[in-house]
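Please work through the exercises below with the sequence and the structure open beside you. Each task is followed by a solution that goes step by step.

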Amino acid sequence: MCATCGCEQKADHGHDHGHGHAHGHDDAHGVTVRLEEGILARNDAFATRNRAWFRERSILALNLVSSPGSGKTTLLSRTIRDLRDRLPISVIEGDQETSRDADRIRAAGAPAVQVNTGTACHLDAHQVEHALADLRPASHSCVVIENVGNLICPSMFDLGEERRILVASVTEGEDKPIKYPHMFRSADQIVLNKIDLLPHVPFDMDSFMNFVRQVNPDAAVLPVSATRGDGLAVWYDWILSFSRRPASV
């Protein structure tokens, strides 16, 4: 059970055992808080171990997060194809079901391990540790963790990555930063995808940028089109600049 978000959560039995309403409510609240703290503390311990593992091997680890349909798999597939001669990339692919995205990543030329989370709405650091044992990435390479499409739960789970990349898209509307502030606040870099569709969708770029600055004034915003190629040279330079130096302490 994930107490932080309710995924895989069993039915609440707080009122089924003959307790008074207030007593049952207080107990349930206290248990939920303790469960949340325990789950996150356990996850952070695995994340610390993952981070050390990446640093020992000079591997750049990126956690790619987004809502469903943002185009992050398309962006990642094109990145793999375009950088194949400059940077080895391997992928941990997170989805609730199917291996469709992992198949796309392999077709683009990168090794990929699929992690299916079932009813869970995010990857955790322990799953990443297990996936790394199967993936076996080379030293001085890049590992991209493509998280489950969700703008809520992944914001709370450190996976041991060096940078968290949030992929948004113009088709989602400009208000996502203030509707999902925790995710945008946790991002180191925001990639705004599908800008080739700007003439066809009601998206206000100035409003989007203002909303981003309200929740995360330090995050860089990079407008791109993964299909047409706009902005990808800057995106690639950003990845390569991090891959050429030791991970930060």
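Two residues are in contact here when heavy atoms of theirs lie within 4.5 Å. The model is a predicted one, and every value below was computed from it.

**Exercise 1. An overview**

Task: Find how many helices and strands the protein has, and what share of its residues count as buried.

Solution. Begin with the elements: the protein has 8 helices and 7 strands. Then turn to burial, for which a residue needs a relative accessible area under 20%; of the 249 residues, 47% count as buried. Next, consider the contacts between residues at least 6 apart in sequence, of which 74% join residues at least 24 apart. Finally, the accessible surface comes to about 12100 Å², and 51% of this surface belongs to carbon and sulfur atoms.

**Exercise 2. The two sides of helix H4**

Task: Determine which residues of helix H4 are buried and which exposed residues lie on the face turned away from them.

Solution. Step one is to list the buried residues of H4, which spans residues 125-135: they are Ala 125, Val 128, Ala 131, Leu 132 and Leu 135. Step two is to look down the helix axis, where these buried residues fall within an arc of 110°, so they line one face of H4. The general rule behind this step is that an α-helix has 3.6 residues a turn, so residues three or four places apart point the same way. Step three is to turn to the face away from the buried side, which carries the exposed residues Ala 133 and Asp 134.

**Exercise 3. The two ends of helix H4**

Task: Describe what is found at the start of H4 and what follows the helix.

Solution. At the start of H4, a side-chain oxygen of Asp 124 comes to within 3.1 Å of the backbone nitrogen of His 126. After the helix comes Arg 136, a residue other than glycine whose phi is nevertheless positive, near 50°. Arg 136 belongs to the loop between H4 and strand E4 (142-146), and with a relative accessible area of 69% Arg 136 is exposed. A second residue to examine is Lys 194, which is not a glycine either and has a positive phi of about 65°. Lys 194 sits in the loop between strand E6 (189-193) and helix H7 (205-215), and at 22% relative accessibility Lys 194 counts as partly exposed.

**Exercise 4. Partners of the buried side of H4**

Task: Identify which residues of H4 are touched by Ile 92 and which by Asn 50.

Solution. Start with Ile 92, which lies in strand E2 (residues 89-95) and counts as buried at 0% relative accessibility. Leaving aside neighbours within four places in sequence, the contacts of Ile 92 include Val 128, Ala 131, Leu 132 and Leu 135, and these four residues are among the buried residues of H4. The contacts of Ile 92 also include Val 143, Val 144, Ile 145 and Glu 146. As a check on distance, Ile 92 and Leu 132 are 40 residues apart in sequence, yet their C-alpha atoms are 7.8 Å apart in space.

Continue with Asn 50, which is found in helix H1 (residues 21-56) and is buried, with a relative accessible area of 2%. Not counting residues up to four places away in sequence, Asn 50 touches Ala 125, Val 128, Glu 129, Leu 132, Leu 159 and Gly 160. Comparing the two lists shows that Val 128 and Leu 132 are in contact with both Ile 92 and Asn 50.

**Exercise 5. Aromatic rings and cysteines**

Task: State how many aromatic pairs the structure holds, and how many disulfides.

Solution. The structure holds 5 aromatic pairs. One of them joins Trp 53 and Phe 54, whose ring centres are 5.8 Å apart with 80° between the planes, and this pair is edge-to-face, a term that applies to planes over 60 degrees apart. Within this pair, Trp 53 is partly exposed at 24% relative accessible area, whereas Phe 54 is buried at 2%. Elsewhere, ring pairs link Phe 184, Phe 203 and Phe 208 into a cluster. As for the disulfides, there are 0; Cys 142 is buried with a relative accessible area of 1%, and Cys 153 counts as buried at 5%.

Technical notes:
Residues numbered from 1 in each chain as written. Predicted model: local features only at pLDDT ≥ 70, side-chain atom pairs only at ≥ 80, totals over all residues. Heavy atoms only, no water. Buried < 20%, exposed > 50% of the residue type's maximum accessible area, 1.4 Å probe, protein only. Arc of directions from axis to C-beta. Polar contact = N/O pair within 3.5 Å; in protein donor to acceptor, adjacent residues only side chain to side chain. Disulfide = S-S within 2.5 Å. Areas by Shrake-Rupley, 256 points an atom, 1.4 Å probe, with all protein chains shown as cover. Phe/Tyr/Trp six-rings, centres within 6.5 Å; stacked < 30°, edge-to-face > 60°.
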